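Please load the model in your viewer and keep a selection panel at hand. The stops below go from the whole chain to single residues.

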Amino acid sequence: MTNTTPARISIDKQTRPVYRAQVAVAVAVRDAVAQAGLDRTLVELVNIRVSQINGCAYCLDVHTRDALAGGETPQRLAVLPAWRETDLFTDRERAALTLAETVTTLPTPDQQDRDYADARAHLTDDQLSAIVWVAIAMNAFNRISILSRHRVRPSTSDT
């Protein structure tokens, strides 16, 4: 049987200047997060939730490891796809996760308005903007990794 799947180009390697610009956006987003006073654990929850929705194995691997290294608990990561059904997340985290889902799924304008209103009750304008940018940047990296077929390799601790 012949494999008819076309080979993928790693667009991050093929067009390095554009990828470097995307990395520069991520650095600017990290600065905005710090200026808004948001902690790294919250950012990693957003990165992971966006990557779950998009089905990006590579980014899930990277950001789950980063979250665990930053002190996130395995229990919270395990239930993250069903975060609305638990009491494990703070109001600020819930607002950030709501925004992350809104940015990623682009629901109806009415639903977007409700999600923003909920988020504004728990986040400052700077925090809200920073979280939206985190989700935008993560969505972009998800697409880069998915379309380039970046592979998840076993870590040395997994073998």
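The tour begins with the overall fold, then visits a helix pair, the cores and several single residues.

**Ground rules**

This is a predicted model, in which local features need pLDDT of at least 70 and side-chain atom pairs count only at pLDDT 80 or more, while totals for chains, interfaces and linings use all residues. Residues are numbered from 1 along each chain as its sequence is written, and side-chain values use heavy atoms, with hydrogens and water left out.

**Whole chain**

Select everything and colour by secondary structure: the protein has eight helices and zero strands, where helices (H or I, at least four residues) and strands (E, at least two) are DSSP runs numbered from the N terminus. Aligned on the principal axes, the C-alpha atoms fill a box of roughly 55 × 35 × 30 Å. The radius of gyration is 17 Å, which agrees with the value near 15 Å for a compact globule of 159 residues; this radius is taken over C-alpha atoms, and the globule rule is 2.2 Å times the number of residues to the power 0.38.

Colouring by accessibility next, you will find that 36% of the 159 residues count as buried, a class that means under 20% relative accessible area, with exposed meaning over 50% and partly exposed in between (1.4 Å probe, protein chains only). If you draw a contact map, with contact meaning heavy atoms within 4.5 Å, residues 24 or more positions apart account for 71% of the contacts with a separation of 6 or more.

**The pair α3 and α6**

Now select residues 40-54, which are helix α3, and residues 91-105, which are helix α6; their axes come within 9 Å and cross at roughly 35 degrees. The axes are lines fitted to C-alpha atoms, for helices over the stretch in contact, and angles run from 0 to 180 degrees between N-to-C directions. The crossing of α3 and α6 is right-handed, the term for a near helix turned clockwise from the far one by less than a right angle, anticlockwise being left-handed.

Show side chains in this contact, to which α3 brings L42, L45, V46, R49, V50, I53 and N54, and α6 brings R92, E93, A96, L97, A100, E101, T104 and T105. These residues divide into eight nonpolar, three polar and four charged, where Ala, Val, Leu, Ile, Met, Phe, Trp, Tyr, Cys and Pro count as nonpolar, Asp, Glu, Lys and Arg as charged, and the others, Gly among them, as polar.

**The cores**

Which residues have the most contacts inside the largest nonpolar core? Select V33, L38, V46, L99 and I131, which hold that place in a core of 27 residues. A nonpolar core here is a set of buried Ala, Val, Leu, Ile, Met, Phe, Trp, Tyr and Cys residues joined through side-chain atoms within 4.5 Å. Helices α2 (16-35), α3, α6 and α8 (125-148) each supply at least two residues of this core, and the largest share, 10 residues, comes from α8.

Centre on L38, which touches V33, R92, Q127, A130 and I131 when residues up to four places away in sequence are not counted. Apart from this core lies another, of eight residues, among them I48, A67, L80 and L97.

**Buried residues to inspect**

Go to Q22 in helix α2, which is buried with a relative accessible area of 18%. Leaving out residues up to four places away in sequence, Q22 touches A137, A140, F141 and I144.

Then pick E44 in helix α3, which at 3% relative accessibility counts as buried. E44 touches H63, D66 and A67, again not counting residues up to four places away in sequence.

T98, in helix α6, also counts as buried, at 4% relative accessibility. Its contacts, leaving aside neighbours within four places in sequence, are with W83, R84, D115 and D118.

**Two positive phi angles**

Most residues other than glycine have a negative phi. At L106, however, which lies in the loop between α6 and α7 (109-120), phi is positive at about 45 degrees, and the residue is exposed, with a relative accessible area of 62%. As the last selection, take R149 in the segment after α8, where phi is near 55 degrees and the residue is partly exposed at 33% relative accessible area.
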